[in-house]
Amino acid sequence: MAATEASLKAQVSNLLTEYSTLVRNYFAATEALVEGRPLSVLPAGTTSVHPDDIMRRIVEVDAKLQKAVDQIEDHQSRQRKISEVQEDIRHHNVTILALVSRLQEARGMLEACLDSVKQESLAIKQAKE
């Protein structure tokens, strides 16, 4: 599970970096269009320089980010359920330990009663002889 968390964290980090870069490129491309400059002046590594293409890519990355957010929410929900189950187990353990303690007390009382009965039985037996 920890590997999945690290993987998801890295994935979200990469997507956020890509999203940020795309937004910067979008504004640079829009600015270039408004100013009448050629779109090929955008930073290196930009696959498409037209704002519409960049916006499509932003939407794709946003969908991936939303999926990652959904996975994170699912993970958090499972973690909350795990915590609730652990708390229930702790509560049951306390109850069980209290029951064990009471049973040990009852056992001690029964042993004392049995010893007393044995002594009385022995006394009666000796008195009859």
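Begin by selecting E31 and R37, which form a salt bridge with their closest N and O atoms 3.8 Å apart; the term is used here for a side-chain nitrogen of Lys or Arg within 4 Å of a carboxyl oxygen of Asp or Glu. Both partners are partly exposed, E31 at 42% relative accessibility and R37 at 35%, where buried means under 20% relative accessible area, exposed over 50%, and partly exposed in between (1.4 Å probe, protein chains only).

This is a predicted model, in which local features need pLDDT of at least 70 and side-chain atom pairs count only at pLDDT 80 or more, while totals for chains, interfaces and linings use all residues. Residues are numbered from 1 along each chain as its sequence is written, and side-chain values use heavy atoms, with hydrogens and water left out.

Now switch to a cartoon of the whole chain, which shows 2 helices and 0 strands; these are DSSP runs numbered from the N terminus (helices H or I, at least four residues; strands E, at least two). For α2, place a distance between the end C-alpha atoms: they are 113 Å apart, which agrees with the 116 Å that its 78 residues should span at 1.5 Å a residue, the expected span being 1.5 Å times one less than the number of residues. Of the 129 residues of the protein, 13% count as buried.

Next, select L8, V12, L15, L22, A29, A32, L39, I54, I58, V61, L65 and A68, the 12 residues of the largest nonpolar core. Such a core is a set of buried Ala, Val, Leu, Ile, Met, Phe, Trp, Tyr and Cys residues joined through side-chain atoms within 4.5 Å. Helices α1 (2-35) and α2 (51-128) each supply at least two residues of this core, and α1 gives the most, with 6. In soluble globular proteins, nonpolar side chains tend to be buried together.

Within this core, centre the view on I58, which lies in helix α2 and counts as buried at 7% relative accessibility. Leaving out residues up to four places away in sequence, I58 touches Y19, L22, V23 and Y26, contact meaning heavy atoms within 4.5 Å. Then move to L8, which, with neighbours within four places in sequence set aside, is in contact with A68, Q71 and I72.

What joins E18 to R57? Their side chains meet in a salt bridge (2.3 Å, N to O), one that links distant parts of the chain, since E18 is in helix α1 and R57 in helix α2, 39 residues apart. E18 and R57 are each partly exposed, with a relative accessible area of 25%. The whole structure holds 7 salt bridges.

For a pair within a single helix, go to E87 and R90, whose side chains meet in a salt bridge at 3.2 Å, N to O. Both residues lie in helix α2, 3 residues apart, about one turn of the helix.

Finally, display the rings of Y26 and F27, where a search of the whole structure finds 1 aromatic pair. The ring centres of Y26 and F27 are 5.7 Å apart and their planes stand at 75 degrees, so the pair is edge-to-face; rings of Phe, Tyr and Trp (its six-membered ring) pair if their centres lie within 6.5 Å, with planes under 30 degrees apart counted as stacked, over 60 as edge-to-face and the rest as tilted. Y26 is partly exposed at 23% relative accessible area, whereas F27 is exposed at 54%.
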